[in-house]
Amino acid sequence: MNWIEIEIYTTTAGIEAVTGSLLGLGINGFVIQDPEDFREFLENKEQNWDYIDESLMSRQDGETVITAYLPENAQGLDYLEGVKAELNALKGRDSEKAFGRLEYELKNVREEDWANNWKQYFKPLCVGEKLLIKPSWEDIPEGENRTVLEIDPAASFGTGQHNTTQLCLELIEKNLSEGDRVLDLGCGSGILSIAAVLLGAESVKAVDIDANSVKIAGENAQKNAIPSDRYEAFCGNVIDDEGLREKLGTGYDVVCANIVADVLLAMSPIFGGFLKPNGKLIISGIIDSRKDEVLDAVKAQGFELTEVRTKEDWTAAAFIMK
């Protein structure tokens with residue numbers, strides 16, 4: 001397998017936050033180059049050095065760089081969109097700019113080339129018992145009678161290729177009833193909320209902290225012939241913005257959130273406020289090592305766990321609000 005190298009620029013103070021986000025996405029291999037470590041090395045009085053190469057000396061200046069490796073395939077691009085969403089979320093929380101600029105560079109490929117080449121990987125995909133996810137350039141297989149959800153690779157997480165998305169779609173299909181009202185928290189491309197409408201939801205509201213994701217989700221809803229009176233997308237942070245929570249309202253039959261463990265933990269106290277009695281909560285994006293922590297936090301808010309699904313190292317779960 002070929003790998004794409006991504007360098008993320010932060011500070012010493014940002015290392016824990018950035019690496020935690022990478023681990024939450026399932027990206028376990030990374031290298032940290034921190035100027036502070038090298039300065040400590042130079043100041044170590046127990047060592048005597050006759051000569052230190054000039055290129056090494058330059059490491060005491062500049063930014064902290066975290067280098068990670070993504071597979072050069074469809075899932076790798078989904079990981080990249082996850083990284084971008086996490087960096088945007090960190091920027092939003094870093095009011096004092098302690099984490100540096102939180103930007104990234106791809107070292108051995110141009111992002112637009114990778115996205116264009118992705119067409120060779122992105123084929124029609126059956127998910128659950130009812131859905132067929134396909135890009136616009138692929139034809140529907142002859143004789144296929146599944147519900148077709150059309151979505152193209154774009155600058156937003158969620159194309160159906162990642163295990164977390166597939167698990168969440170399976171649980172939505174199982175728990176959704178005709179005419180339900182659905183809220184999608186952290187909508188990314190809008191794939192979950194669009195699937196909900198195609199599977200019978202009466203209306204959906206979708207939310208993301210990233211304005212570009214909100215734009216793309218709306219475009220994808222139009223691409224799937226969903227009228228605007230059944231699909232609304234909002235930009236904002238539901239954790240911190242009480243006004244946004246009031247605008248979204250309550251009484252939803254289903255709330256879904258496919259994010260990462262830390263954000264699910266932060267959202268756990270507010271999930272119940274969106275749901276009607278006996279409403280259903282579906283969460284995904286949970287790396288296996290954080291499963292018990294996240295599920296216990298949601299149960300502590302009065303939810304009853306009804307189902308857990310796993311695929312490789314990922315977990316999704318369904319709950320009922322009591």
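The following paragraphs describe the confidence, the sheet, a helix and the nonpolar core of a predicted model.

Residues are numbered from 1 along each chain as its sequence is written, and side-chain values use heavy atoms, with hydrogens and water left out. Because the model is predicted, local features need pLDDT of at least 70 and side-chain atom pairs count only at pLDDT 80 or more, while totals for chains, interfaces and linings use all residues.

It is helpful to begin with confidence. The chain has an average pLDDT (the predictor's confidence in each residue, from 0 to 100) of 86, and 88% of the residues score at least 70. Among the helices and strands (DSSP runs of H or I with at least four residues, and of E with at least two, numbered from the N terminus), strand 8 has the highest confidence in the chain, at 98, and helix 3 (residues 54–57) the lowest, at a mean of 48. Residues 48–53 stay under 50 in pLDDT, and the model has five contacts (heavy atoms within 4.5 Å) for them beyond four places in sequence. Residues 55–59 are also below 50, with seven contacts beyond near neighbours in sequence.

Turning to the sheet, four strands form an open, antiparallel arrangement in the order 2-3-1-4, where pairing requires that DSSP finds at least two bridges between two strands. Strand 2 (30–33) and strand 4 (103–106) each have a single partner strand, so one side of each is left without a neighbour in the sheet. Strand 1 (residues 3–10) pairs with strand 4 over four bridges; Glu7 has Glu105 as its bridge partner in strand 4. Helix 1 (residues 15–25) packs on this sheet, touching strand 1, strand 2 and strand 3 (64–71), and its direction makes about 5° with that of strand 3. For such angles, axes are lines fitted to C-alpha atoms, for helices over the stretch in contact, and the values run from 0 to 180 degrees between N-to-C directions.

Helix 4 is mostly covered, with 14 of its 20 residues buried, that is, under 20% relative accessible area with a 1.4 Å probe and protein chains only.

Finally, the largest nonpolar core (buried Ala, Val, Leu, Ile, Met, Phe, Trp, Tyr and Cys residues joined through side-chain atoms within 4.5 Å) has 85 residues, and those with the most contacts inside it include Leu185, Leu248 and Phe271. Helix 10 (residues 261–274) gives the most to this core, with seven residues. Beyond four places in sequence, Phe271 is in contact with residues including Leu185, Val255 and Phe303.

How values were computed: Buried < 20%, exposed > 50% of the residue type's maximum accessible area, 1.4 Å probe, protein only.
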